[in-house]
Amino acid sequence: MTTEATSEELRIGVFICDCGLNIAGAVDCVEVTRWAAELPDVACAVQNKYTCADPGQNEIKNAIAEHRLNRVVVASCSPRQHEPTFRTCVLEAGLNPYLMEMANLREHCSWVHPGDWDGATLKAKDLVAGAVARARFLEPQEEMTVQVTKRVLVIGGGVTGIEAALELGNQGHQVTLVEREPSIGGIMAQLDKTYPTMDCSI
Ligand code: SF4
């Protein structure tokens, strides 16, 4: 049976972002914050107007110190936008950056459910509950740098393989291109109108 990754007392902080009206215009963030505060292992839940802005990040840092948080959940936008921001934020507050989890209340909820206040709020709660559940299993991670050999094997000498080999070669990789047929070019050899010079399939 899977168990939580740590034996220490879990103290999770949940930070719900309004994103102005981007989220708060479609989701009842006050209710989601109130509800999140009552989830098991949640030590505090805070609603921010703009969590990525300095005041929002400072609220996270202050709460980590005040509530002795050892896990953080930020319910805001896509991790593609601000995951590095919040990893740095919790690191600056003394937490391992990988003890931070996100819920995407904007792209996955408010933006796709405009006008459905109750439904979007319910879904936002589910997304936050999922992030809190994942946060329970987070473990501190250490980053490391490893040397890689700049050699690449490209399998298939069609137009995609040739292009990939050329691009990688231009980036300084030593490329080996493997083709099972006697000549490279693949289907290009049959497309005399598209590749009239046939120079790709010699
Ligand atoms: S953290 Fe994301 S959702 Fe929140 S204010 Fe910044 S951009 Fe908007």
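## Strand pairing

Two strands are said to pair if DSSP finds at least two bridges between them. In this predicted model, strand β5 (residues 151–155) and strand β6 (residues 174–178) meet that condition, pairing in the parallel sense over 5 bridges. One of these links joins Ile155 to its bridge partner in β6, Val178.

Helix α7 (residues 159–170) belongs to this part of the model as well: β5, α7 and β6 together make a right-handed β-α-β unit.

## The four-stranded sheet

Strands of a sheet pair through backbone hydrogen bonds, in either a parallel or an antiparallel manner. Here, an open sheet of 4 strands follows the order β2-β1-β3-β4, and its pairing is parallel. The edges are occupied by β2 (42–48) and β4 (100–104); each has a single partner strand, so one side of each is left without a neighbour in the sheet. From one strand to the next, the twist averages 15 degrees.

Strand β1 (residues 12–17) pairs with β2 in the parallel sense over 6 bridges. Within this pairing, Ile12 has Val42 of β2 as its bridge partner.

## Helices on the sheet

Helix α4 (residues 79–92) packs on the sheet, where it touches β3 (71–76) and β4. The direction of α4 makes about 150 degrees with that of β4. Helix α6 also packs on the sheet, touching β1, β2, β3 and β4. The direction of α6 makes about 165 degrees with that of β4.

## Packing of α2 and α6

Two packed helices are described by the angle between their axes and by the distance between those axes. For helix α2 (residues 29–36) and helix α6 (residues 117–135), the angle is about 35 degrees and the axes lie 10 Å apart. The crossing of α2 past α6 is right-handed.

On the α2 side, the contact is made by Glu31, Val32, Trp35 and Ala36, while α6 contributes Thr121, Ala124, Lys125 and Val128. By character, the residues of this contact comprise 5 nonpolar, 1 polar and 2 charged.

## Surroundings of the ligand

The ligand is surrounded by Cys17, Cys19, Asn22, Tyr50, Thr51, Cys52, Ser76, Cys77, Gln81, His82 and Arg106. This shell divides into 5 nonpolar residues, 5 polar residues and 1 charged residue.

Notes:
Residues numbered from 1 in each chain as written. Predicted model: local features only at pLDDT ≥ 70, side-chain atom pairs only at ≥ 80, totals over all residues. Near = placed C-beta within 6 Å. Nonpolar A, V, L, I, M, F, W, Y, C, P; charged D, E, K, R; others polar. Axes fitted to C-alpha atoms, helices over the stretch in contact; angles between N-to-C directions. Helix = DSSP H or I, 4+ residues; strand = E, 2+ residues; numbered from the N terminus. Left-handed = near helix turned anticlockwise from the far one by under 90°. Contact = placed C-beta atoms within 7 Å. Right-handed = clockwise from strand over helix to strand, strands pointing away.
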